[in-house]
Amino acid sequence: MKNISIYIKGNRQSTAYYRIYQYFDNMPEFERHFHTMMSDSFHDRYMPISRQPVYIKVAAYMHIYIRMFLALLSDCLRPPDYVVIHKRVISRFMPCTFNAMLRYIHRHGAKIIWDFDDHIVANNEVTQRQFDTYSEMADAIVVTHEYLRNLIRSEFRHKTVTLPTTDGDMYRIFRDGNINTVRLRSMEKEVNLVWVGTSVNLKYLYGIVGVLEHTAASLKAKDGRSLRLHVVCDKPLVAQSKTLDIINTKWSRNRAIEAMLTSHIGIMPLVDDVFTKGKGGFKLVQYISIGLPCIGSAVGFNSKVVSGGCGILVSLDSDWEMAILKLSDKDTWQEYSDNAFHHWNEQFGYQKNLDTWRRLLGE
């Protein structure tokens with residue numbers, strides 16, 4: 001049985017679940033060892049570290065350093081067949097001892113697969129120097145789309161494999177259930193928007209609260225229906241609204257699924273900058289995996305996800321109202337919902353991604 005050593009920041013309750021765990025948990029033919037930066041207890045008590053006092057930040061670094069050092073030492077003593085690195089072994093600055101240990105493991109037969117799904121230099125997860133080191137060291141580099149591939153130096157781009165982030169859980173619920181019957185029934189009285197994300201991205205949602213409030217008033221005046229915004233996040237959206245109903249839910253995978261199953265339109269607002277161009281549009285991919293028409297800002301990879309008649313791309317604030325009102329028509333909504341699931345199955349299907357990982361691992 002082949003041995004895989006996986007270096008990853010978060011546990012199965014983190015967003016890393018969708019990039020790594022949902023595939024490797026379904027590969028019983030391998031012996032798998034997951035090395036997380038923090039223990040669950042430390043993570044639950046002190047995250048986010050950025051808001052902690054200096055002595056906690058120092059303790060956190062030492063905690064991570066020791067865990068990763070011991071994991072690398074274990075792999076030096078018994079080199080695995082594969083080392084999979086999700087984004088980085090340790091955040092920001094990689095100690096030279098860690099690089100030396102990785103090279104030792106590599107020389108002793110381990111193939112290194114490096115996966116990243118964000119502009120990890122722009123958001124300071126790694127330095128440019130370490131980014132180039134991973135690019136040079138890796139036998140294969142897994143990225144979500146072409147923009148991230150082009151961040152890699154030209155001499156290493158031949159190693160890249162494109163693998164968009166997807167969700168392998170929810171599509172079965174939609175495929176085997178009667179979800180849209182319930183959605184269409186509730187649509188007679190209200191239109192439910194859903195936004196799922198982390199608090200670092202709430203700023204993009206705040207940017208469109210005003211136009212959503214105006215849209216809620218327009219919808220109410222048009223046919224008496226309410227507009228509701230479901231926010232599933234580790235922090236609430238705190239905003240004043242007279243007509244728009246805002247419902248905040250603490251993020252968990254199950255709560256996110258529940259919110260998306262009972263909503264009508266998934267949204268992903270962004271601004272156009274270096275970091276957002278590197279985003280993989282995962283929220284949109286999640287939405288369409290359960291037949292949810294979506295509206296997204298026309299930025300970066302969003303334009304690849306919102307195609308095939310599954311949603312509407314917007315460039316201006318005023319476009320949001322037009323898009324929401326258009327998708328609030330039941331017949332139009334049904335057409336877009338059918339297109340959404342078909343588009344997901346064709347372009348972002350879970351099984352295709354699982355097969356890609358198996359090919360990378362020589363199976």
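These are my notes from looking up a sheet, a helix and some salt bridges in this structure.

**Entry 1: the sheet**

I kept in mind that this is a predicted model. I began with the sheet and found six strands in an open arrangement, ordered E2-E1-E3-E4-E5-E6, with parallel pairing. Which strands sit at the edges? They are E2 (30-36) and E6 (160-162), each of them pairing on one side only. I also looked up the twist, and from one strand to the next it averages 20°.

**Entry 2: E1 beside E2**

Next I went to strand E1, which covers residues 2-8 and runs parallel to E2, with seven bridges joining the two. I wanted one pair to find by eye, so I picked Ile4, which stands opposite Arg32 in E2.

Then I checked what helix H1 (residues 16-24) does here. H1 packs on the sheet and touches E1, E2, E3 (82-86), E4 (111-116) and E5 (140-143). The direction of H1 makes about 165° with that of E1.

**Entry 3: salt bridges, starting with Asp25**

How many salt bridges does the structure hold? I noted 16. The one I opened with joins Asp25 to Arg12, with the closest N and O atoms 2.9 Å apart. Asp25 is in the loop between H1 and E2, while Arg12 is in the loop between E1 and H1, so this pair ties together parts 13 residues apart in sequence. I looked up exposure too: Asp25 is partly exposed at 32% relative accessible area, and Arg12 is partly exposed at 35%.

**Entry 4: Lys87 and Glu125**

My second pick was the salt bridge between the side chains of Lys87 and Glu125, at 3.7 Å from N to O. Lys87 is in the loop between E3 and helix H4 (96-107), and Glu125 is in the loop between E4 and helix H5 (128-137); they are 38 residues apart, so I wrote the pair down as a link between distant parts of the chain. Is Lys87 buried or exposed? Lys87 is buried, with a relative accessible area of 12%, and Glu125 is buried with 12%.

**Entry 5: Glu188 and Lys330**

Last pair: Glu188 forms a salt bridge with Lys330, the closest N and O atoms being 3.4 Å apart. I found Glu188 in the loop between helix H8 (179-186) and strand E7 (190-196), and Lys330 in helix H16 (residues 330-347), so the bridge ties together parts 142 residues apart in sequence. Glu188 counts as exposed at 52% relative accessibility, whereas Lys330, at 32%, counts as partly exposed.

I closed with a network: salt bridges with shared partners join Lys87, Arg88, Asp117, Asp118 and Glu125.

How values were computed
Residues are numbered from 1 along each chain as its sequence is written. This is a predicted model: local features need pLDDT of at least 70, side-chain atom pairs count only at pLDDT 80 or more; totals for chains, interfaces and linings use all residues. Side-chain values use heavy atoms; hydrogens and water are left out. Two strands pair if DSSP finds at least two bridges between them. Helices (H or I, at least four residues) and strands (E, at least two) are DSSP runs, numbered from the N terminus. Axes are lines fitted to C-alpha atoms, for helices over the stretch in contact, and angles run from 0 to 180 degrees between N-to-C directions. Contact means heavy atoms within 4.5 Å. A salt bridge is a side-chain nitrogen of Lys or Arg within 4 Å of a carboxyl oxygen of Asp or Glu. Buried means under 20% relative accessible area, exposed over 50%, partly exposed in between (1.4 Å probe, protein chains only).
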